[in-house]
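User: I want to go through how the ligand is held in this model. Please keep the answers short.

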Amino acid sequence: MGGDEGMLSWDESVFRDEHVFEIDYVPEAFVHRESQMQGLSHALRPALRGSRPLNVSVRGPPGTGKTTAIQKLFGEVAAETAEVETIRVNCQVNSTRYAVFSRLFEGCFDYEPPSSGISFKKLFGQIAEKLIEEDRVLVVALDDVNYLFYENEASDTLYSLLRAHEEHPGARIGVIVVSSDPTLEAIDELDARVQSVFRPEDVYFPVYDEPEIEEILGERVKRGFHDGVVSGDVLSRVAALTAESGDLRVGIDLLRRAGLNAEARASQVVEGGDVEDAYETSKHVHLSRSLANLAASERELLAAIADNDGEQAGAVYEAFHERTDLGYTRYSELVNKVDQLGLIDAEYADVEGRGRSRSLSLSYDREAVLDRLE
Ligand SMILES: Nc1ncnc2c1ncn2[C@@H]1O[C@H](COP(=O)(O)OP(=O)(O)O)[C@@H](O)[C@H]1O
Ligand SMILES: [Mg+2]
C-alpha cells in the first residue's frame with residue numbers, strides 16, 4: 001500500500017472486525033459467569049428430559065451479562081435437543097401481557113399473530129395447543145422484566161404462564177425472569193395469587209470488577225482491532241472508566257468510538273485523547289438506551305421536566321398537559337415510571353401553605369437528555 005507511516009487511507013481501518021462492538025453481538029468467550037451459567041443449566045435440566053423446568057429469577061445491574069447468559073444458554077439447549085422451545089422476550093419493547101404472548105406465538109409458529117387482533121384467551125390457547133401437539137417444553141425468558149412491573153402487567157403475565165398447565169393440561173412452561181432494576185423487589189411486588197405459585201431459583205449477576213472488565217475488553221480488542229492499535233495503557237484507561245459505572249456496555253461503546261476517533265485523525269493507533277473524547281458520549285449509553293425505548297408521551301413528560309427542572313409536580317403537569325392533552329392520572333403513572341427508570345428524581349418537599357408536594361428533576365445532565373430526545 002505504501003504511503004506515509006501511521007496514516008490511514010480510505011480502504012484501511014483500525015478495525016479488524018467492527019461487528020464485535022455491536023449491541024447484539026454474542027461473544028464467543030464468556031468468562032467470569034461460570035456459576036451463573038451452572039445455576040441456569042441446573043434449572044433447565046428437567047426440560048431436556050421432557051419435564052417442566054424450574055423457574056428462575058435472574059437479577060443484576062445493567063451490563064453484567066444477563067442477556068448474554070440467556071442467549072448462550074438457549075443456544076446450548078438448541079444444540080442439544082429440538083424438543084425444547086426457547087424464547088427470549090425483550091420486555092422493554094413488549095411491556096404488556098398481550099405483547100409478550102404475541103412474541104411467544106411468533107416464536108412457536110414462525111409468523112406473527114393476526115394483526116386484526118384476536119383475544120388473549122385465543123392467542124394463549126393456540127400457543128398451548130401447539131406445544132401439546134408437538135410435545136415440546138417451552139422455556140420463556142422475560143428479559144428486562146422490570147418493564148412489565150412499571151406497566152403493572154407483571155402479575156397477569158406471570159400468572160398466565162405459571163398456571164398454563166391448569167387451563168391447558170399437558171402444557172409445560174418454565175419461566176426465567178430477568179430484572180436489571182436493583183431497586184425492584186420483584187417477588188414482593190407480585191399479587192399474592194402469583195406469589196403462591198412462583199418460587200424461583202435465584203441467580204445473581206454482580207458487577208464486574210476492574211480486572212475482570214479489563215480482561216473481557218482485552219478479548220474484544222483482540223478480535224475487533226488490528227494488532228498494535230490499542231496499547232495496554234489505553235485498554236487500562238478504558239477499563240477504569242468502565243468500572244466507574246460497572247456497565248460493560250460503556251466500555252464496548254467506548255472502544256468503538258475511540259477507534260472511530262483515531263480513524264478521523266487518520267491515525268493507526270488509538271490514543272488517550274481519543275478515549276477521553278469518546279467517553280463524553282459513551283458514559284451516557286445507559287441514558288440513550290432508556291430514552292430510545294420510551295413512548296411519545298413519556299418523551300413529552302421528560303421534555304416538560306427538562307423545561308421545569310426542579311419544579312413542583314403541579315407546575316410540571318401544566319406543561320405536560322399543554323404538550324399532550326393527557327390527564328392527571330396518566331401523568332402520575334408516567335411520572336412513577338420515569339422515576340423507576342432512574343431518569344428523574346422525585347422528592348417530597350414542604351411547600352408554603354400547600355402541604356407536601358413532589359418536586360421533579362432530571363437525574364442526568366439536562367443537555368444530554370434534550371440531545372437524545374430530539
Ligand atoms: N463475561 C463476558 N464476556 C464477554 N462479554 C461480555 C461478558 N458479559 C457481558 N458482556 C458484554 O457486555 C455487554 C452487556 O452484556 P449484556 O448481556 O447485554 O448485559 P445485561 O443483559 O446484564 O444488561 C454485551 O455487549 C456483552 O456481549
Ligand atoms: Mg439485558
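User: How far is a polar side-chain atom of Thr67 from an oxygen atom of ligand 1?

Analyst: This is a predicted model, so the distance is computed from predicted coordinates. A polar contact needs N or O atoms within 3.5 Å. The pair formed by the Thr67 side chain and a ligand 1 oxygen meets that cut-off, at 2.8 Å.

User: What share of the accessible area of ligand 1 does the protein cover?

Analyst: On its own, ligand 1 has 560 Å² of accessible area. Ligand 1 sits in the largest pocket. The protein covers 95% of that area.

User: Which residue has a backbone N or O atom 2.8 Å from a nitrogen atom of ligand 1?

Analyst: Backbone atoms also take part. A polar backbone atom of Gly65 is 3.1 Å from an oxygen atom of ligand 1. For the ligand nitrogen, the backbone partner at 2.8 Å belongs to Val31.

User: Where does ligand 1 lie with respect to domain 1 and domain 2?

Analyst: The shell includes residues from domain 1 (34–204) and from domain 2 (208–283). Both domains contribute, so ligand 1 lies between them.

User: Which class has 11 residues in the shell around ligand 1?

Analyst: In total, 19 residues surround ligand 1. Three are charged and five are polar. The class with 11 is nonpolar.

Technical notes: Residues numbered from 1 in each chain as written. Chains lettered and ligands numbered in written order. Predicted model: local features only at pLDDT ≥ 70, side-chain atom pairs only at ≥ 80, totals over all residues. Heavy atoms only, no water. Near = heavy atom within 4 Å. Polar contact = N/O pair within 3.5 Å; in protein donor to acceptor, adjacent residues only side chain to side chain. Areas by Shrake-Rupley, 256 points an atom, 1.4 Å probe, with all protein chains shown as cover. 1 Å grid on protein atoms, 1.4 Å probe; cavity = no way out; pocket = protein on both sides within 12 Å on 5 of 7 lines; lining within 4 Å. Sits in = over half its atoms within 2 Å of the grid points. Nonpolar A, V, L, I, M, F, W, Y, C, P; charged D, E, K, R; others polar. Domains from an automatic or database assignment.
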